[in-house]
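Please read the points below with the model open. They are notes on side-chain geometry and local surroundings.

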Amino acid sequence: AVLGHKVTIVIPDSVSRERMALLYAYGANIIPVPVEGSKSRLQSCLDFAKAYTSEPGANRWQPRQFESVANVTAHQQSTGPEIVEVLRRHGLEVTGFVAGVGTG
């Protein structure tokens, strides 16, 4: 959105007001999605996004970060080495790794 592209973000309706405000400030259109039945917040958003991008005549695309091999490859080839290099420049090294799902 900052670069002038129209960006719509499908996000759980339980996300903090501050996070939504930040996304709005960057120019994104936000679609808050409630949890459907026994689905997780993530699955509710993924299902909504799939239907939203599949609407007839819709010129919409979704990155599918959880399904994309390119997403993993980009982090292996770029993000990981970048972190290691920055640490080295400061005389530090990676001594452990913790991975989480999502951003919250």
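1. F66 is placed in the loop between α2 and α3 (69-89); helices here are DSSP runs of H or I with at least four residues, strands are runs of E with at least two, and both are numbered from the N terminus. F66 counts as exposed, at 52% relative accessibility. The classes are buried for under 20% relative accessible area, exposed for over 50%, and partly exposed in between, with a 1.4 Å probe and protein chains only. Together with L42 and L46, F66 forms a nonpolar patch on the surface, with about 280 Å² of accessible area for the three together. A patch takes residues with over 30% relative accessible area and no salt bridge; nonpolar side chains (Val, Leu, Ile, Met, Phe, Trp, Tyr) are joined within 5 Å, like charges within 9 Å. Areas come from the Shrake-Rupley method with a 1.4 Å probe, and for residues only the protein chains shown count as cover.

2. On the basis of these notes: the model is predicted, local features need pLDDT of at least 70, side-chain atom pairs count only at pLDDT 80 or more, and totals for chains, interfaces and linings use all residues. Residues are numbered from 1 along each chain as its sequence is written, and side-chain values use heavy atoms, with hydrogens and water left out.

3. R64 is also found in the loop between α2 and α3. Its phi is positive, about 50°, although R64 is not a glycine. Most residues other than glycine have a negative phi. R64 is partly exposed, with a relative accessible area of 40%.

4. How many aromatic pairs does a search of the whole structure find? The search finds 1. The pair is F48 with Y52, and it is stacked, at 5.9 Å centre to centre and 15° between the planes. Rings of Phe, Tyr and Trp (its six-membered ring) pair if their centres lie within 6.5 Å; planes under 30 degrees apart count as stacked, over 60 as edge-to-face and the rest as tilted. F48 and Y52 are separated by about one helical turn because they are 4 residues apart in helix α2 (residues 41-53). F48 is partly exposed, with a relative accessible area of 30%, while Y52 is buried, at 18%.

5. Y52 has a further partner in R60, whose charged end sits over the Y52 ring, 3.7 Å from the ring centre. The criterion is NZ of Lys or CZ of Arg within 6 Å of the ring centre and within 35 degrees of the ring normal. R60 also meets E55 in a side-chain salt bridge (2.8 Å, N to O). A salt bridge is a side-chain nitrogen of Lys or Arg within 4 Å of a carboxyl oxygen of Asp or Glu. Both partners count as partly exposed, E55 at 38% relative accessibility and R60 at 34%.

6. T53, in helix α2, has R60 among its contacts as well: leaving aside neighbours within four places in sequence, T53 is in contact with A58, R60, W61 and Q62. Contact means heavy atoms within 4.5 Å. T53 counts as buried, at 18% relative accessibility.

7. How many salt bridges does a search of the whole structure find? There are 5. One of them joins the side chains of E36 and K39 (3.1 Å, N to O), and these two residues are linked with D47 in a network of salt bridges. E36 is partly exposed, with a relative accessible area of 37%; K39 is partly exposed too, at 30%.

8. E36 and K39 also touch S44, which is in contact with V33, P34 and V35 as well, not counting residues up to four places away in sequence. Is S44, a residue of helix α2, buried or exposed? S44 counts as buried, at 0% relative accessibility.

9. Another salt bridge joins the side chains of R89 and E85 (3.5 Å, N to O). Both residues lie in helix α3, 4 residues apart, about one turn of the helix. R89 is exposed, with a relative accessible area of 59%, whereas E85 counts as partly exposed at 35%.

10. V7 lies in the segment before β1 (8-12) and is partly exposed, with a relative accessible area of 28%. The C-alpha atoms of V7 and Y26 are separated by 9.6 Å, with their positions 19 residues apart along the chain counted as the spacing.
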